[in-house]
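Reader: Please present the structure, and then let us discuss its chain interfaces and its internal cavities.

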There are 4 protein chains.
Amino acid sequence: MNFASDNWAGATEAVMAAVQRHNGGFAPGYGNDPLTKSIGQRFSEIFEREVEVFFVGTGTAANAISMAAAGRPGGLVFATTEAHIQNDEFGATEFYTGGMKIIPVGNAAGIMDPAALTATIARFGGRFGIPTVLSLTNATECGTVYTPAQVAELTAIGKANSLTMHMDGARFGNAVAALGASPAEITWKAGIDILSFGGTKNGCMMAEAIIVFDPGKFPNLPALRQRAGHTASKARFIAAQFEGYFEDGGWLKTAAHANAMSARLAKGLGNRLAWASQANEVFPILPKTTIAKLRAAGATFHEWPADGLAADEDCVRLVTSFATTEAEVDRFLSLLWDPEPRGSTGSP
Amino acid sequence: MNFASDNWAGATEAVMAAVQRHNGGFAPGYGNDPLTKSIGQRFSEIFEREVEVFFVGTGTAANAISMAAAGRPGGLVFATTEAHIQNDEFGATEFYTGGMKIIPVGNAAGIMDPAALTATIARFGGRFGIPTVLSLTNATECGTVYTPAQVAELTAIGKANSLTMHMDGARFGNAVAALGASPAEITWKAGIDILSFGGTKNGCMMAEAIIVFDPGKFPNLPALRQRAGHTASKARFIAAQFEGYFEDGGWLKTAAHANAMSARLAKGLGNRLAWASQANEVFPILPKTTIAKLRAAGATFHEWPADGLAADEDCVRLVTSFATTEAEVDRFLSLLWDPEPRGSTGSP
Amino acid sequence: MNFASDNWAGATEAVMAAVQRHNGGFAPGYGNDPLTKSIGQRFSEIFEREVEVFFVGTGTAANAISMAAAGRPGGLVFATTEAHIQNDEFGATEFYTGGMKIIPVGNAAGIMDPAALTATIARFGGRFGIPTVLSLTNATECGTVYTPAQVAELTAIGKANSLTMHMDGARFGNAVAALGASPAEITWKAGIDILSFGGTKNGCMMAEAIIVFDPGKFPNLPALRQRAGHTASKARFIAAQFEGYFEDGGWLKTAAHANAMSARLAKGLGNRLAWASQANEVFPILPKTTIAKLRAAGATFHEWPADGLAADEDCVRLVTSFATTEAEVDRFLSLLWDPEPRGSTGSP
Amino acid sequence: MNFASDNWAGATEAVMAAVQRHNGGFAPGYGNDPLTKSIGQRFSEIFEREVEVFFVGTGTAANAISMAAAGRPGGLVFATTEAHIQNDEFGATEFYTGGMKIIPVGNAAGIMDPAALTATIARFGGRFGIPTVLSLTNATECGTVYTPAQVAELTAIGKANSLTMHMDGARFGNAVAALGASPAEITWKAGIDILSFGGTKNGCMMAEAIIVFDPGKFPNLPALRQRAGHTASKARFIAAQFEGYFEDGGWLKTAAHANAMSARLAKGLGNRLAWASQANEVFPILPKTTIAKLRAAGATFHEWPADGLAADEDCVRLVTSFATTEAEVDRFLSLLWDPEPRGSTGSP
């Protein structure tokens, strides 16, 4: 019953097989190999336009290098209070950009509020620094997803303020699978300039890519990556992971499975969720006694900050992945509802 | 005939098998998995003392994070004019350390000259900045190796100047295999504090480790790695590479093979070498016509800066790896000496 | 009627005279002159213990270098939402520290709330980064002052969390004058480790000092200052300003005058203040028509963000200095209350 | 007999008078005052074109912010081995630029060798980083001056390599006075894009300016300055210094005087100079006994690295300023040649 994170899973068979398949022989280093180039083409097909692709090994690297590429001294990044770049990266954006500030913007369940964005830009622009980047996470850190229309509404505000639009797509596959929209529709067609495209959480070992929708728009990007030690010498092994990832549309199948497992959890959990579950995360609010019982039974997950909690309850985050099974979900749910020991007043 | 770089090779079978072997099931992220811990123990055994181990994905990351861990504002790093940190990392050391300078020190064939180190510290210390780190590369960028005694002589000077001693071991396996000394003897027993331990060039896909010989000596290291986006979420896949790498002492066998292939090249090439070949690199000086002929026949390699070249010759770098075959070496050598086409006045 | 900022004033006569007085002759550069040393002693007397003193030219430099001296990679700084380091320095703290984050803490009228500090450290420590610095501004950005007891209550929480305690004293003189406490009592005796001691706003031309209460505690400080270009070559001219500043306790007299002018304004303005005025700033909430009328009459000031404003009113910040006159204050107040033109429904 | 540095002198009377003159009344902060604007105009007149002017307090700040304005990630700066940015600023350029490297270029007496520049760009461009900035110091750190033709020859090479051309003019007045060329001729007319214009060494207290010859070319400059804490709040006091500095062409008179004092020293010292003296510095090579004798008599100066010294001699740097007197020079020279005490075998 592993719901701690989608990065606790391993890699899919297709990813592993591709890595094996491309192991033989010699290949030029630092991304000059034919496989890296061909996967670059594959990204262009997926996004329905020619894109630039820069592989890196972690999501934090993808985000921070993107921020530096789009940044400037004294610049401000607007992101939700829930954003991974703000909460979970130990100041990577600030470090890579030479000190840009991340300004939190109000949101509902991780979806940025357009009015709050407008107000926040107005309030902080100029004095705090120069409004520079809008960063949206899709799927969000709250397990919700932005529709193309929601993205477009926010990027329109960004454009009116001369911002560069970034999307943190650590769970991009989950967003695409959940929306039924095309990758193009929720990115560049909705105003996104640069995307952190995540592979790791959805079935790769260590494979992330920075996607630039207008090739050449960020001329410092190769140097930013190299200066940070994020240019892999044997880049073919990242390329191979993506080959396996995209094979037969597998990346959307694994994402859809993960989403379905969260939906199954959400359905079983009922109404007491901090936020609606739309992708591969569920945030139930549970009695502390129940949490203890689940842990005792071997379930893994993290507590999560949430508002409106009673003293005897906590919010927890449950994350599902391609490797989550129905049996695992059902066992978890059964623990919630099993009235044993009889007479208990604890769990719901 | 691939001699461009040891990073043009893939991964060894043992590494690949280990990655496959550890793919199943769930494992905590960010290095909290049991495999990562057990490989940490393995490093302690190899170095004959308890060490701290921090995995990263590239050699530049290992070096730059080590420099930042050992660094301070206004600090100076002493390294040879040939050092990778100076010549090939696009300013990573400067970036990660907030601006420390790398001061070049005279050397012979990549081996730092102790007198030059003493003189350079004396000349630049104080005015330029604060002497802080000594960085030695073993095996060197010139294909030579430091003996334990040579390392110890330099670190004694470093200690007398309160420096922290770093070793860039991107080709550490090649050095150990060439010397017949133990890993301990050429590192901490010879005064080294922190080591960039390379796995990638010698048979891994993407696996490097920062080794701290006095655990806890560099308390900022975990944060430096995380802030830079170099903490892999699925760290087990780096750990697994090292498991395969160390299996049955395989890492020293692959290194020994690579060294033997260079020795075979060096023997065939004769005396016209820029520097003696002691590990897995050979730097012959060749007529430009020969270079062209080798390229035309499909050999890959890079030109390399060297002194004392005639107008019609160049120095080239030949790098061998675990994947280099005797046949490949012999074919390369045969091209050098084969007088075909008859009547040619070009190659020797 | 100049209330825009205390940095719109010039320098006091005593400061100017001292600068003139020390102009003749030669003096060693970079702070090695006798005057700089003697002013260092003067600071030790003022703070009733031996302190280290580092001159810089701006308050932002004093703050950012202090943060870097006390900082570490991945560190967090706790400061109020009103803090100058967060709102007005274009990311200087983030830049100088290599990316430390400033975490806003709830406050009332600029005075940090101890419970909020405890809760904020608990919520953000660990995941966001490593709790590292507590920064309090005294006098605050809201024109209020911390008592020694209030400082001590907050630094006790900081100490329990292993934080370094910084005070932004851009208006330190105003705080001391307002409190009637000694400089020692509101700094190191209340738990402060490092202080940005401001001279500029209270009658110097360009003179700030970083005060370290435990000499040697921040060994990187000299290098941090030099690397940033903040080590003045003709440091005697900063020292001279401080000599004039401290002469006959003048710095507390100018501060007391500035405070008195704000009190006179506050009294005249009545109850409609965003926050009580305790030092040399007043934040009245005024009808927009009144604001326009004051501007038309030549008054200078800035609008300021405040909560709870009606649609037809704004908050403005009025700052007084040693150069503010009673006549100026009274003329400003007279404009508020003068019912001309008769029949106006605008101003109160 | 003070020859330690031109920053050991105070300020000229004209500078002091201007500071006094502009002390009264209120003036907007951060450079928005009328005096700052009018001095900006004055710079435009001096350079015979509209220029942008950014005041800072130190030469290191002027250089480092210029480098950051002209820089890019992974960039390289080409400067002589003698350059102040390399030797005397504790890594400020590296810090401000996020890690750009300074690549030393061969020179004769501080004057960069064009052939060496071409060769150095060719050798280090691409692999080390991206050639980005050419930085020339005028007057040089060796007391020599570049003619407009020499500057133009070097900037032509720079332009051919897409470099931005910077001049470190910490002793710009001395160069102009020595050359008899106009400020325009040795800067933008000779290909310079950005200039660190020094006032401090030549009679100001603390006044440097970054001059941009093509206004708007470096859009990040204001933010770079603010983020670094180098935007003075009471900027009028820097502006006032420059008003006094430029009054009646005084800056060129003080520079000419300083140059004349060095010429007088050089003439008296005879032929044994490390380099010809062309501005306000002289670098004699003297017997160590003479050096000791001079020191004993109260002369101040620094030893300086130089080649070709005998075991019993050292090179020293003598710097003259507006405050140096003929009497001081003559006394110094008399000590050199006075055979007292008779019978001494020491001084020449």
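Reader: How many residues of chain C are in contact with chain D?

Author: The model discussed here is predicted. Contact is taken as heavy atoms within 4.5 Å. On that basis, 49 residues of chain D are met by residues of chain C numbering 49.

Reader: What area do chain C and chain D bury between them, and which three residues of chain C supply more of its side than any other three?

Author: The two chains bury about 4100 Å² between them, with 61% of it on carbon and sulfur atoms. Of the area that chain C buries against chain D, 19% comes from a trio that supplies more than any other three residues: Phe26(C), Phe95(C) and Lys234(C).

Reader: Which helices of chain C each supply at least two residues of the side that touches chain D?

Author: The polar part of this interface comprises 25 residue pairs in polar contact, both residues being at pLDDT 80 or more. The helices of chain C that each supply at least two residues of the side touching chain D are α1 (13-21), α3 (59-70), α5 (92-96), α9 (221-227) and α10 (236-246).

Reader: How many charged residues does the side of chain C that touches chain D have, and how many salt bridges does the rule find across that interface?

Author: By class, that side of chain C has 23 nonpolar and 19 polar residues, together with seven charged ones. A salt bridge requires a Lys or Arg side-chain nitrogen within 4 Å of a carboxyl oxygen of Asp or Glu. Across the interface of chain C and chain D, the number of salt bridges that the rule finds is zero.

Reader: Which residues of chain B lose the most area to chain A?

Author: Chain B and chain A bury about 4100 Å² between them, 61% of it on carbon and sulfur atoms. In chain B, three residues together account for 19% of what that side buries, and those that lose the most area to chain A are Phe26(B), Phe95(B) and Lys234(B).

Reader: How many residue pairs are in polar contact across the interface of chain B and chain A?

Author: Here the rule finds zero salt bridges. For polar contacts, with both residues at pLDDT 80 or more, the number of residue pairs is 25.

Reader: Which residues lie nearest the centre of the largest cavity?

Author: There are four cavities of 30 Å³ or more, and the largest has a volume of about 100 Å³. Its lining has eight nonpolar, nine polar and no charged residues. Of the 17 lining residues, those nearest the centre of this cavity are Gly57(C), His230(C), Gly57(D), Met206(D) and His230(D).

Key: Residues are numbered from 1 along each chain as its sequence is written. Chains are lettered from A and ligands numbered from 1 in the order in which they are written. This is a predicted model: local features need pLDDT of at least 70, side-chain atom pairs count only at pLDDT 80 or more; totals for chains, interfaces and linings use all residues. Side-chain values use heavy atoms; hydrogens and water are left out. Buried area is the accessible area (1.4 Å probe) that two parts lose on being put together, summed over both. A polar contact is a pair of N or O atoms within 3.5 Å; within protein, one must be able to donate a hydrogen and the other to accept it, and residues adjacent in sequence count only if both atoms are side-chain atoms. Helices (H or I, at least four residues) and strands (E, at least two) are DSSP runs, numbered from the N terminus. Ala, Val, Leu, Ile, Met, Phe, Trp, Tyr, Cys and Pro count as nonpolar, Asp, Glu, Lys and Arg as charged, and the others, Gly among them, as polar. On a 1 Å grid over the protein atoms alone, a cavity is a set of points where a 1.4 Å probe fits but cannot get out, and a pocket is an open set with protein on both sides within 12 Å along at least five of seven lines; lining residues have an atom within 4 Å of a point. Grid points are joined across faces, edges and corners, and a volume is the space filled by probe spheres set on the points.
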